[in-house]
Amino acid sequence: MFKEKLQKICEEIDGWKAPVLSDDMPHGDMPGDKIAINETHIDKASRIFPKLIEEMVKLDSDKIVVSVFGGSGVGKSEIASLLTYYLQSCGIGAYVMSGDNYPRRIPLYNDAERLSVFRSEGLKGLLKQGAYTPDNQKVLDQLWANETDADPKKTESYPWLTFYQQYGRQALSEYLGTYKEQDYDQVNWIINAFKSGAEDIFMKRMGRTEDARWYDLIDFRKINVLIIEWTHGGNGNLKGIDIPILLNSTPEETREHRRLRARDGKTDSAFTTMVLEIEQRELDDRAKYAKIIISKAGEFLDPADF
């Protein structure tokens with residue numbers, strides 16, 4: 001039944017038009033998750049949807065896993081929600097899963113761990129290079145207080161800081177998006193359970209406080225498409241992703257988006273910028289494995305170009 005329905009949608013896709021949005025729009029399952037859909041999201045999702053259907057038809061399966069991945073602020077939650085809504089409007093059961101439920105630590109503690117990894121390994125780097133001195137530590141104390149120890153420009157005044165940043169950045173690269181930070185095993189377990197035809201699956205929920213952790217039992221009997229929206233949705237540690245969709249953006253576009261949406265007027269720290277650059281490198285490395293890539297401007301890109 002699913003395959004026949006999918007084939008029929010594919011045959012009629014040339015005349016397909018995005019349905020009007022409803023008040024009960026589906027969205028990711030992250031506690032407190034809010035989506036703010038605008039015309040840009042609708043335009044991108046409407047362009048992606050026909051290509052998604054074409055890719056789905058190629059698969060000999062009635063349980064398909066799609067990942068929507070990309071950098072910060074690129075619209076993963078909104079576009080994943082729209083694709084789910086479009087599938088549902090065509091009579092295909094779909095569910096949006098938020099990968100942000102699956103870090104090993106709540107956001108507050110994970111941010112602290114990222115900073116700890118960078119700073120502790122940066123200090124070790126100074127020791128290894130024979131550049132650690134009490135005077136340099138005093139400078140670092142001030143840089144830490146100002147959150148500027150990751151700023152490359154500071155190496156002009158303090159050349160020894162180059163070692164600190166190099167070692168810290170390398171350690172941060174070995175933490176971000178890896179098994180140390182993300183629970184890929186649990187996500188893979190869910191994907192496997194879904195593909196194996198499990199009727200009900202316990203889905204993790206994680207809020208922003210340590211005691212906000214629980215599981216909801218979700219009915220998957222009428223769900224044929226699981227859509228995972230997540231920065232790390234293209235990571236090689238994930239097993240069973242059928243159609244990876246990359247929402248591509250350049251580091252400059254990401255920074256501009258974050259600057260515009262900063263509610264308190266505070267721009268990203270040098271450390272946050274470093275984190276985004278490392279995550280962008282992972283996204284660029286995995287882009288060649290995506291089935292569909294769309295730029296921030298709404299243009300489709302060839303995975304071979306990556």
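**View 1. Cys-90 in the predicted model, a partly exposed cysteine.** Here we look at Cys-90 in a predicted model, where this residue is partly exposed, with a relative accessible area of 21%. The closest cysteine sulfur to that of Cys-90 belongs to Cys-10 and lies 11 Å away, too far for a bond.

**View 2. Cys-10, and a structure with zero disulfides.** Turning to Cys-10, its closest cysteine sulfur is the one in Cys-90, at 11 Å, so this pair is too far apart for a bond. A disulfide would need the two sulfur atoms within 2.5 Å. Searching the whole structure likewise turns up zero disulfides.

**View 3. An open sheet of five parallel strands.** Follow the strands across the sheet and you will meet them in the order 2-5-1-6-7, with parallel pairing. Strand 2 (94–98) and strand 7 (292–294) stand at the edges; each has a single partner strand, so one side of each is left without a neighbour in the sheet. On average, neighbouring strands of this sheet are turned by 20° against each other, direction ignored.

**View 4. Strand 7 beside strand 6.** At this edge of the sheet, strand 7 runs parallel to strand 6 (residues 243–247), and three bridges join them. For a closer look at the pairing, find Leu-246: its bridge partner in strand 7 is Ile-293.

**View 5. Helix 3 lying across four strands.** Helix 3 spans residues 76–89 and lies across strand 1 (64–70), strand 2, strand 5 (225–229) and strand 6. Compare the helix with strand 5 in particular: helix 3 runs at about 170° to this strand.

Note on methods
Residues numbered from 1 in each chain as written. Predicted model: local features only at pLDDT ≥ 70, side-chain atom pairs only at ≥ 80, totals over all residues. Heavy atoms only, no water. Buried < 20%, exposed > 50% of the residue type's maximum accessible area, 1.4 Å probe, protein only. Pairing = 2+ DSSP bridges. Helix = DSSP H or I, 4+ residues; strand = E, 2+ residues; numbered from the N terminus. Axes fitted to C-alpha atoms, helices over the stretch in contact; angles between N-to-C directions. Contact = heavy atoms within 4.5 Å.
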